[in-house]
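I am starting a notebook on this model, and I will write down what I looked up in the order in which I looked.

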Amino acid sequence: MEIVSRLQGHPWFSLIEVAASPGSAGRPLPGTDLKLRPPEGPFAAPLVLSALPSAIAQELEPALAQAGHLVVSNASAHRMRFDVPLIIPEVNPGHIALLEAQPWSGGIVTNPNCSVAGLALALAPLHRRFGVERVIVTTMQAISGAGREGAGDIENNVIPLIPGEEEKVATEPQKILGTMAGDTIDPATFPISATCTRVPVQDGHFLSVAVALAETASVEQAEEALATFRSEEAMDLPSAPEHPIEVLEGAHPQPRLDRGRGAGMTVSVGRLRTCEILDLKFCVLAHNLVRGAAGAALLNAEFAAARGVVPSTVDTP
């Protein structure tokens, strides 16, 4: 429902069709006059925002792309496919060119894992300015990222394993921070050691990060690189925050106090300091339901529309 609420009153887009599981087809969508449709369509809208489970997205999203839709996906199924852009508009807007290599009449664009959304955005200015060579990250992920059944017995507890999550955190940032090489991506080469945990926080994924850099950087230089990070490609998009990264002082970021910055689209960085083993260490906070999911998908949809890559028509029976 987060994406539905963000589409209400949107200056560029109108919600005209909504789909859910086949068993829910025909039911009304609360707060609207729309009825839920089967996920396979057909749909009239050229732009489809997909929050499908990855197993379903694996087959259904290419089918929708083949029918002529631009599918902007929050699912992990196609993120690492060589011809599918994994986009954070402030970081790697040029990767949208991968759409030209896709085999469908439409296309698929993806946004990253909910923890990677914060990690890659925080690493981007450091990698551009100084070069990132190694990363160690521990994620402390909110309950809302687990769905209805995924959090387990979280009260007064920490779950030290989120199946499949560490692999995403350890691989997606390199694709995002890679460079175009013909019709594919030459990924960044730095390794990431990731430990992913679930903690009793409702919303907001918190990361503890340490980095080794190719060039020496003081804490002050790193802070300046982070705080001044901007993107002309994204700044005029309706969902883009004024400040994609905010550097905070003192005992911040904190999920309760800081996850709503920039309407949930700003990534907060705090406790930036020298690392005794690598070069720098710091904390990162991103709202997992917004910058890590619905808001990221909507921002990618806006970016695609601004770039003129949304199809004008689709094939409907």
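In which kind of crossing, left-handed or right-handed, does α3 pass α5? I looked this up in what is a predicted model, and found that α3 passes α5 in a right-handed crossing.

Next I took the geometry of this pair: α3 and α5 pack at an angle of about 120°, and their axes lie 9 Å apart. Because angles of 65 to 115 degrees count as roughly perpendicular and those over 145 as roughly antiparallel, I entered α3 as oblique to α5.

I then listed the residues that make the contact, which are Ala 122, Pro 125, Leu 126 and Arg 129 on the α3 side, and Gln 221, Ala 222, Glu 224, Ala 225 and Leu 226 on the α5 side. By kind, I noted six nonpolar residues, one polar and two charged in the contact of α3 with α5.

After the helix pair I turned to the largest nonpolar core, which has 41 residues, and in which Val 135, Val 137, Val 209 and Phe 282 touch the most other members. Among the elements that give two or more residues to this core I noted α3 (116-129), β6 (132-141), β10 (205-213) and α5 (219-227), and it is α3 that gives the most, with eight residues.

I looked more carefully at Val 135, and, leaving aside its neighbours within four places in sequence, I found it in contact with residues including Leu 123, Phe 190, Ile 192, Val 209 and Val 211.

Last, I recorded a second, separate core of 20 residues, which includes Phe 13, Leu 47, Val 72 and Ala 297.

Key. Residues are numbered from 1 along each chain as its sequence is written. This is a predicted model: local features need pLDDT of at least 70, side-chain atom pairs count only at pLDDT 80 or more; totals for chains, interfaces and linings use all residues. Side-chain values use heavy atoms; hydrogens and water are left out. A nonpolar core is a set of buried Ala, Val, Leu, Ile, Met, Phe, Trp, Tyr and Cys residues joined through side-chain atoms within 4.5 Å. Buried means under 20% relative accessible area, exposed over 50%, partly exposed in between (1.4 Å probe, protein chains only). Helices (H or I, at least four residues) and strands (E, at least two) are DSSP runs, numbered from the N terminus. Contact means heavy atoms within 4.5 Å. Axes are lines fitted to C-alpha atoms, for helices over the stretch in contact, and angles run from 0 to 180 degrees between N-to-C directions. Angles under 35 degrees count as roughly parallel, over 145 as roughly antiparallel, 65 to 115 as roughly perpendicular and the rest as oblique. A crossing is left-handed if the near helix is turned anticlockwise from the far one by less than a right angle, and right-handed if clockwise. Ala, Val, Leu, Ile, Met, Phe, Trp, Tyr, Cys and Pro count as nonpolar, Asp, Glu, Lys and Arg as charged, and the others, Gly among them, as polar.
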